[in-house]
Amino acid sequence: MAPTARSKSRSAIHEFDLIRTLQQRHSRHDPSVIRGIGDDAAIVTSGAGKWSLLTTDLLAEGIHFDLRTATMADIGFRAAVANLSDIAAMGGTPQYLLVSLAIPRTGANNQVHQLYRGMMAACRPHRVTLIGGDTSASANGWFINITLVGMVPPRKALLRSGARTGDLLYVTGTIGDALAGLMLLNEPPSKKRPSHTAAISTRHRQFLVGRHLHPTARLAEGQWLSAHRFATSAIDLSDGLSGDLRHICEESHVGVELDLSALPLSPACRAYAAFRKLDPAALALTGGEDYELLFTLPPRRKAEVERAAKLHRFRITCIGAIRPARQGIQAIGQDGTTHPLPNSSYEHFK
Ligand code: ADP
Ligand code: MG
């Protein structure tokens with residue numbers, strides 16, 4: 001999950017290399033593990049044709065959230081959505097929740113209850129049941145770890161590894177909003193000049209801040225993509241499109257051509273970008289935590305899927321196409337020229 005504030009570290013850790021090394025050193029063949037490290041959730045089977053999904057996310061104060069700009073209820077809500085979204089990206093249904101907390105000396109009972117209020121507000125519509133967790137003191141700040149268990153019908157999970165050359169690349173909803181919302185929250189109101197926030201409408205501001213504090217996990221969309229076997233691969237956007245796209249390419253051994261002029265941007269995101277003189281596409285490529293789904297589908301299903309999406313009122317946008325791995329990750333700019341897409345999304349320890 002992409003953090004709210006950038007951490008500084010002197011260690012030479014590279015997040016994704018570290019995970020790959022851990023996988024190589026410590027995972028082993030186990031026939032009950034359908035998918036281990038490397039996807040949005042692990043898939044395990046206990047036999048009898050049942051597939052379970054398991055995912056976990058850790059939020060650290062000062063890295064993923066700031067108590068000056070978010071309430072404990074907001075933080076709980078986002079923590080739950082981060083996990084629900086990983087189940088959505090697998091096409092699954094969430095079921096059980098485990099919550100582990102490390103609470104600083106300054107922490108109060110009331111804060112914990114507020115945190116749970118937010119967490120359960122995100123989970124309740126999906127009928128997720130809290131079944132356990134762990135509680136500890138913390139020497140420095142809050143740590144919130146959620147583990148979510150879900151299920152998916154056997155062989156219907158959406159994996160990062162199924163994209164094929166020629167497939168079309170789609171995304172749900174609009175992207176870049178959560179980053180714009182976070183930037184708005186972090187802008188100090190200046191007394192000397194009109195505040196940045198005054199320059200965009202209250203409606204746009206509320207929309208963007210809402211998209212950051214109360215994102216939506218696209219569970220219905222994920223289940224729909226999986227039930228009809230529409231998608232060949234999927235991932236949720238938690239670190240930023242430019243980086244999350246790379247995970248599909250790596251796991252599927254493919255390249256991609258991303259059409260920057262096709263990125264679905266909300267009017268509020270465009271308004272914020274115009275005011276701050278930012279490229280809205282850069283917000284969409286860099287911004288993590290939109291929790292939209294990025295997925296691929298064979299071109300022959302394009303019309304059928306787009307028709308069905310309209311019927312369900314799911315917003316989906318075609319933003320590119322899968323290419324052979326040797327072509328790498330390319331972006332077609334507004335001017336029609338193609339160039340390699342730099343990775344501008346969040347990575348810990350960078
Ligand atoms: P997501 O952004 O979808 O939550 P991550 O990028 O956090 O996914 O993780 C990618 C994969 O690496 C997942 O399969 C996750 O379970 C695994 N992973 C991440 N950190 C660790 C770790 N410390 N030990 C083992 N596996 C890890
Ligand atoms: Mg994910």
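Is Asp40 buried or exposed? Asp40 is buried, with a relative accessible area of 6%. This value, like the others below, comes from a predicted model. Before returning to Asp40, it helps to look at the chain as a whole.

The chain contains 10 helices and 13 strands. Its radius of gyration is 20 Å, which agrees with the value near 20 Å for a compact globule of 350 residues. Along the principal axes, the C-alpha trace spans about 55 × 50 × 45 Å. Of the 350 residues, 51% count as buried. The accessible surface comes to about 16,700 Å², and carbon and sulfur atoms hold 54% of that surface. Contacts also say something about the fold: among those with a separation of 6 or more, 84% are between residues 24 or more positions apart.

Asp40 takes part in a metal site. The magnesium ion (ligand 2) has three aspartates as its protein donors, Asp40, Asp86 and Asp236, each through OD, at 2.0 to 2.1 Å. Along the chain these donors follow the spacing D-x45-D-x149-D. Asp40 sits in the loop between strand E1 (33-35) and strand E2 (42-45), while Asp86 belongs to helix H2 (residues 72-89); the two are 46 residues apart, and the pair links distant parts of the chain. Asp86 is buried too, with a relative accessible area of 8%.

Asp40 also belongs to a network of salt bridges, together with Arg35, Asp39, Arg160 and Glu251. In general, side chains of opposite charge can pair when their charged atoms come close. One pair in this network is Arg160 with Asp39, whose closest N and O atoms are 3.8 Å apart. Arg160 lies in the loop between strand E6 (143-152) and strand E7 (168-172), and Asp39 in the loop between E1 and E2, so this salt bridge ties together parts that are 121 residues apart in sequence. Both partners are covered: Arg160 is buried at 12% relative accessible area, and Asp39 is buried at 11%.

The count for the structure comes to 16 salt bridges. Another of them joins the side chains of Arg211 and Glu292, at 3.2 Å from N to O. Arg211 is in helix H5 (residues 202-213), and Glu292 is in the loop between helix H9 (280-286) and strand E10 (293-297); the pair therefore ties together parts that are 81 residues apart in sequence. Arg211 counts as buried at a relative accessible area of 10%, and Glu292 counts as buried at 0%.

A further salt bridge, between Lys302 and Glu306, has an N to O distance of 3.1 Å. Here both residues lie in helix H10 (residues 302-312), 4 residues apart, which is about one turn of the helix. Lys302 is partly exposed at 33%, and Glu306 is partly exposed at 31%.

Two other places complete the tour. Which residues does Ser226 touch, leaving aside those up to four places away in sequence? They are Gly91, Lys156 and Leu158. Ser226 is in helix H6 (residues 219-227) and is buried, with a relative accessible area of 4%.

The second place is on the surface. Ile13, Leu18 and Leu22 make a nonpolar patch of about 220 Å². Leu22 is part of helix H1 (residues 15-26). With a relative accessible area of 39%, Leu22 is partly exposed.

Notes. Residues are numbered from 1 along each chain as its sequence is written. Chains are lettered from A and ligands numbered from 1 in the order in which they are written. This is a predicted model: local features need pLDDT of at least 70, side-chain atom pairs count only at pLDDT 80 or more; totals for chains, interfaces and linings use all residues. Side-chain values use heavy atoms; hydrogens and water are left out. Patches are made of residues with over 30% relative accessible area and no salt bridge: like charges are joined within 9 Å, nonpolar side chains (Val, Leu, Ile, Met, Phe, Trp, Tyr) within 5 Å. Accessible areas come from the Shrake-Rupley method with a 1.4 Å probe; for residues, only the protein chains shown count as cover. A salt bridge is a side-chain nitrogen of Lys or Arg within 4 Å of a carboxyl oxygen of Asp or Glu. Buried means under 20% relative accessible area, exposed over 50%, partly exposed in between (1.4 Å probe, protein chains only). The radius of gyration is taken over C-alpha atoms; the globule rule is 2.2 Å times the number of residues to the power 0.38. Contact means heavy atoms within 4.5 Å. Donors are N, O and S atoms within 2.8 Å of the metal (3.2 Å for Na, K and Ca); water is not among the atoms, so sites may look incomplete.
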